[in-house]
Amino acid sequence: MASYEGVLSRIHCQSPRSNHNDPTRPELDVVTLRWDGEQVARRDMGTGEGWTLDVTRPLPGPATVEVVVRPNVDGSVEDVIGTVVLSEDLVGRGIPATDFHVARFDEAGAQYQLTYKVQVVSDPVNAPPPVG
């Protein structure tokens with residue numbers, strides 16, 4: 001039986017939720033990615049910023065990834081602006097241009113997109129025989 005892993009590749013901020021109207025400070029969000037509730041990435045992001053992620057995890061079953069943002073100002077609250085469910089149903093055909101999926105989120109005044117994929121790690125049926 002094949003095993004799988006989920007890969008979070010990139011997140012892009014089209015428009016942050018932050019809107020403090022202070023021209024001396026950039027509009028920034030604190031962006032957190034949670035994989036089945038566990039924080040796997042966190043960073044400040046502003047308009048037009050992209051962030052190449054290095055998050056790869058085993059996928060023994062479906063996993064939920066949440067994109068959470070909050071303005072980078074004291075007293076602000078977090079909003080889950082979107083989720084994706086990673087499962088073996090999302091495995092591509094080995095063609096990089098088609099293996100990745102893009103989820104777009106437009107919630108709570110924030111616009112982000114997350115690029116991700118699911119890939120086969122091993123497939124004993126199609127594995128080459130051991131060299132001996």
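Here is a walk through this structure, from its overall layout down to a few single residues.

Before we start, keep in mind that this is a predicted model, where local features need pLDDT of at least 70 and side-chain atom pairs count only at pLDDT 80 or more, while totals for chains, interfaces and linings use all residues. Residues are numbered from 1 along each chain as its sequence is written, and side-chain values use heavy atoms, with hydrogens and water left out.

Let's begin with the big picture. The chain has 1 helix and 8 strands. Both kinds of element are DSSP runs numbered from the N terminus: helices are H or I with at least four residues, and strands are E with at least two. Follow the chain from the N terminus and you meet the elements as β-β-β-β-β-β-α-β-β. The C-alpha trace spans about 65 × 25 × 25 Å along its principal axes.

Now for the surface. Of the chain's 132 residues, 36% count as buried. Buried means under 20% relative accessible area, exposed means over 50%, and partly exposed is in between, using a 1.4 Å probe and protein chains only. The accessible surface adds up to about 7,700 Å², and 48% of that belongs to carbon and sulfur atoms. These areas come from the Shrake-Rupley method with a 1.4 Å probe, and for residues only the protein chains shown count as cover.

What about charge? The chain carries 11 positive and 19 negative charges, and their mean positions are 3 Å apart. Here Lys and Arg count as positive and Asp and Glu as negative, while His and the chain ends are not counted. Each charge is placed at NZ of Lys, CZ of Arg, CG of Asp or CD of Glu.

Next, look inside. In soluble globular proteins, nonpolar side chains tend to be buried together. A nonpolar core is a set of buried Ala, Val, Leu, Ile, Met, Phe, Trp, Tyr and Cys residues joined through side-chain atoms within 4.5 Å. The largest one in this chain has 29 residues, and Leu-8, Ile-11, Leu-53, Leu-86, Tyr-112 and Leu-114 touch the most other members. At least two residues of this core come from each of β1 (3-15), β2 (28-35), β3 (38-46), β4 (50-58), β5 (63-71), β6 (79-86), β7 (101-107) and β8 (110-122). The largest share, 5 residues, comes from β8.

So how do the strands line up? Two strands pair if DSSP finds at least two bridges between them. β1 and β8 pair in the antiparallel sense over 11 bridges. Within β8, Gln-113 stands opposite His-12, and Gln-119 is the bridge partner of Glu-5. β1 is also joined to β4 by 7 bridges, with the two running antiparallel; here Arg-10 has Thr-52 as its bridge partner in β4.

Ser-3 lies in strand β1, and gives us a good look at how sequence and space can part ways. Ser-3 and Gln-119 are 116 residues apart in sequence, but their C-alpha atoms are 8.6 Å apart in space. Leaving out residues up to four places away in sequence, Ser-3 touches Gln-119, Val-120, Val-121 and Ser-122. A contact means heavy atoms within 4.5 Å. Ser-3 is partly exposed, with a relative accessible area of 31%. Across the whole chain, residues 24 or more positions apart account for 63% of the contacts with a separation of 6 or more.

Finally, visit two hairpins. β2 and β3 pair in the antiparallel sense over 8 bridges, and Trp-35 has Glu-38 as its bridge partner in β3. This hairpin has 2 residues between the strands, and Asp-36 takes a positive phi near 50° there. Asp-36 is not a glycine. Asp-36 also touches Pro-62, Ala-63 and Thr-64, again not counting residues up to four places away in sequence. Thr-64 is 28 residues from Asp-36 in sequence and 5.1 Å away in space, C-alpha to C-alpha.

The other hairpin is made by β7 and β8, which pair in the antiparallel sense over 7 bridges. Asp-106 has Gln-111 as its bridge partner in β8. With 2 residues between the strands, this hairpin has Ala-108 at a positive phi near 55°. Ala-108 is partly exposed, with a relative accessible area of 38%.
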